[in-house]
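This briefing covers a sheet, a surface patch and two loop residues. The sequence and the structure are shown first.

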Amino acid sequence: MDSQILPFIIFLIAVTVTPLLSSAAPATPCQSNCGSLQIKYPFGTGYGCGSPRFEPYITCKSNQLLLTTHTGSYLITAISYKDSTLTITPSAMSTCNSMQQSPNLGLDWASPFQLGPSIFLLLSCTPPTSSLTIKGSPVCDPSSTHLCSTIYTCPAVVNLRLPLFPPTNTCCVYSPANFNSKGELDLREMKCKGYASIASFQDSPTDPSKWMYGVTLKYTNGGFDDYYMNNKCNTCEDSGGICGYSPPTNSFLCICNSGFNATTDCYNNYNPVQDYEDLIGTSTSLSTQKIMLGLWVGLLFYIAA
């Protein structure tokens with residue numbers, strides 16, 4: 001064959017084979033921790049980890065577990081797998097040490113999350129908050145106004161353009177809270193500048209500097225999650241694996257420490273060929289890649305001869 005054509009053939013083989021080899025390499029394994037938080041099903045640290053129903057909303061970036069909604073990304077600081085709750089700490093939320101004007105907080109209606117038992121304190125509202133209503137119904141809980149007077153002892157209230165020890169008729173205890181039709185806590189609609197959310201009083205109900213601030217959310221498992229949690233995921237995790245799924249069919253996978261995947265657990269189910277197929281897609285796609293690679297290699301030897 002003409003020696004001038006050989007370099008072109010070799011280049012063509014290289015640009016075709018390289019993507020095939022890279023696509024067959026295992027992806028970064030799913031992690032069992034993100035920072036200090038233990039990650040268990042249905043949560044995951046990235047694409048293909050945990051439940052596909054939760055993956056669009058939960059990610060691990062720079063060792064921080066984040067919940068992302070249409071209003072922003074929020075740091076997750078605690079998870080209770082027993083109670084099916086998690087706690088987020090929005091950066092624009094007020095605390096005793098830091099008060100500030102806050103944008104709306106929201107959840108996606110299609111997501112598996114809803115508001116939990118947090119107590120919302122609406123701050124620096126147009127007085128009197130006793131007249132604050134949503135669709136004609138009073139918003140504020142008059143039996144809990146002592147929480148307003150307690151948090152208003154924090155010097156940081158001046159950051160909300162309030163005087164020290166401001167009148168409590170500019171504060172509203174919104175509990176139980178509800179989001180509007182957009183899935184948001186609409187502070188502008190309620191004419192309030194900021195909010196604080198109390199996840200726990202930490203046995204110090206009269207000392208707001210010791211309260212645990214955060215928004216507690218409940219999460220619900222769908223039929224997919226319940227089935228695999230009860231029938232496969234516990235076995236996978238007991239074997240040292242991490243529960244995940246294989247796109248695009250989202251079939252269950254057990255991600256093992258070896259970097260390969262199994263369809264049940266990590267005890268005695270090590271099959272590199274099958275696991276690679278599960279990781280990158282269907283066995284048909286991998287077989288096609290093998291055939292194409294074999295043809296190109298054969299052609300190269302033919303040309304060289």
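Two strands count as paired if DSSP finds at least two bridges between them. The model is predicted. On that pairing criterion, six strands make up an open sheet, and their pairing is antiparallel.

**The sheet**
- The strand order is β3-β4-β5-β6-β16-β8.
- β3 (58–61) and β8 (113–115) are the edge strands; each has a single partner strand, so one side of each has no neighbour in the sheet.
- From one strand to the next, the twist averages 45 degrees.

**The pairing of β8 with β16**
- Strand β16 covers residues 215–219 and pairs with β8 in the antiparallel sense.
- Three bridges join β8 and β16.
- L115 has L217, in β16, as its bridge partner.

**The nonpolar surface patch**
- V158, L164 and F165 form a nonpolar patch on the surface.
- Together, V158, L164 and F165 have about 330 Å² of accessible area.
- V158 is located in the loop that runs between α2 (145–151) and β12 (172–174).
- The relative accessible area of V158 is 43%, and residues between the 20% and 50% limits are classed as partly exposed, so V158 is partly exposed.

**S204 and its contacts**
- S204 sits in the loop between β14 (192–200) and β15 (212–213).
- With a relative accessible area of 14%, S204 falls under the 20% limit for buried residues, and is therefore buried.
- Leaving aside residues up to four places away in sequence, S204 touches K210 and W211.

Notes. Residues numbered from 1 in each chain as written. Predicted model: local features only at pLDDT ≥ 70, side-chain atom pairs only at ≥ 80, totals over all residues. Heavy atoms only, no water. Helix = DSSP H or I, 4+ residues; strand = E, 2+ residues; numbered from the N terminus. Axes fitted to C-alpha atoms, helices over the stretch in contact; angles between N-to-C directions. Patch = residues over 30% accessible without salt bridge, like charges linked within 9 Å, V, L, I, M, F, W, Y side chains within 5 Å. Areas by Shrake-Rupley, 256 points an atom, 1.4 Å probe, with all protein chains shown as cover. Salt bridge = Lys/Arg side-chain N within 4 Å of Asp/Glu carboxyl O. Buried < 20%, exposed > 50% of the residue type's maximum accessible area, 1.4 Å probe, protein only. Contact = heavy atoms within 4.5 Å.
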